[in-house]
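Hi everyone, thanks for coming. Let's look at this one together, and do keep the structure in view while I talk.

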Amino acid sequence: MGRTIMMALIFCMMVCCLGCGEDREEKYRKVGELTLDIDGIKANIIMSELWEYIEKRDAASIMGMLSENAKKEMEDCEGKVIEFLDAFEDSEIVEIDNGGGGGSERSSEFGKTTRYRVYGSYRIKTTKGVYKLNFGYVITNKTNPEEVGLDRIFLRPDDKGEYDGGGRYSICVYPFEE
C-alpha cells in the first residue's frame with residue numbers, strides 16, 4: 001500500500017515538474033555548464049536574419065518577415081521599411097549587442113501553446129550614434145496564423161528613453177536630431 005502511494009506521489013510530482021502539455025517549452029534550458037534563455041536564443045535568431053537584410057538594404061526580405069496582418073494594417077508599409085533602412089544610411093555599424101532582448105508571451109489552451117511571441121531589444125552602435133532597436137515577432141499562432149511574423153519594429157537613438165506611441169503593427173523610426 002505504501003509503495004503504491006509513493007509511486008502515485010512520484011508520478012504526480014513528475015507531471016507537475018515536467019508539465020503535461022505536449023508542446024510546453026521551458027524558458028531556460030541547461031546545456032552542460034550553461035543555462036540558456038530559450039526566448040533570448042529565438043530573439044537572436046530573428047535579429048540575425050533581420051540584420052542580414054539591413055546590411056544588404058533588402059526591403060523585400062524585411063517585408064517577407066512581416067506578418068500578413070502587419071502588411072494589411074500598416075499604412076504605407078513598404079515606405080516605413082525603407083525609412084527604417086534609411087536610418088542606417090551614411091553610417092557604419094560598429095557593434096551590436098543584446099540590450100535585454102528575449103522576452104516572450106504565450107497563450108495556451110488545454111496545456112498546449114496556441115500563440116507564442118518573442119520580443120527583442122538590441123543596442124546598435126554606428127558611427128552616427130547608438131540606436132536601440134526593439135521588435136515583436138509572433139512565432140506561432142494556431143488560431144490566427146496571419147499574425148505570424150514581425151508585427152512591430154521601433155528604432156530610436158539610445159538616449160531618447162522609452163518608445164511612446166505606435167503600438168501593434170507599426171514600424172517607427174526616431175531619427176537622430178541634427
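Which backbone oxygen lies 3.0 Å from a polar atom of the side chain of Ser48? The backbone oxygen of Ile45 does. That fits our rule for a polar contact: a pair of N or O atoms within 3.5 Å, where, within protein, one must be able to donate a hydrogen and the other to accept it, and residues adjacent in sequence count only if both atoms are side-chain atoms.

A quick word on the source: this is a predicted model, with local features needing pLDDT of at least 70, side-chain atom pairs counting only at pLDDT 80 or more, and totals for chains, interfaces and linings using all residues. Residues are numbered from 1 along each chain as its sequence is written, and side-chain values use heavy atoms, leaving out hydrogens and water.

Ser48 sits in helix H2, residues 38–56; helices are DSSP runs of H or I with at least four residues, strands are E runs of at least two, and both are numbered from the N terminus. Ser48 counts as partly exposed because its relative accessibility is 45%; buried means under 20%, exposed over 50%, and partly exposed in between, with a 1.4 Å probe and protein chains only.

Now the inside. The largest nonpolar core has 34 residues, and Leu50 is among those with the most contacts inside it. H2 gives this core its largest share, seven residues. Such a core is a set of buried Ala, Val, Leu, Ile, Met, Phe, Trp, Tyr and Cys residues joined through side-chain atoms within 4.5 Å.
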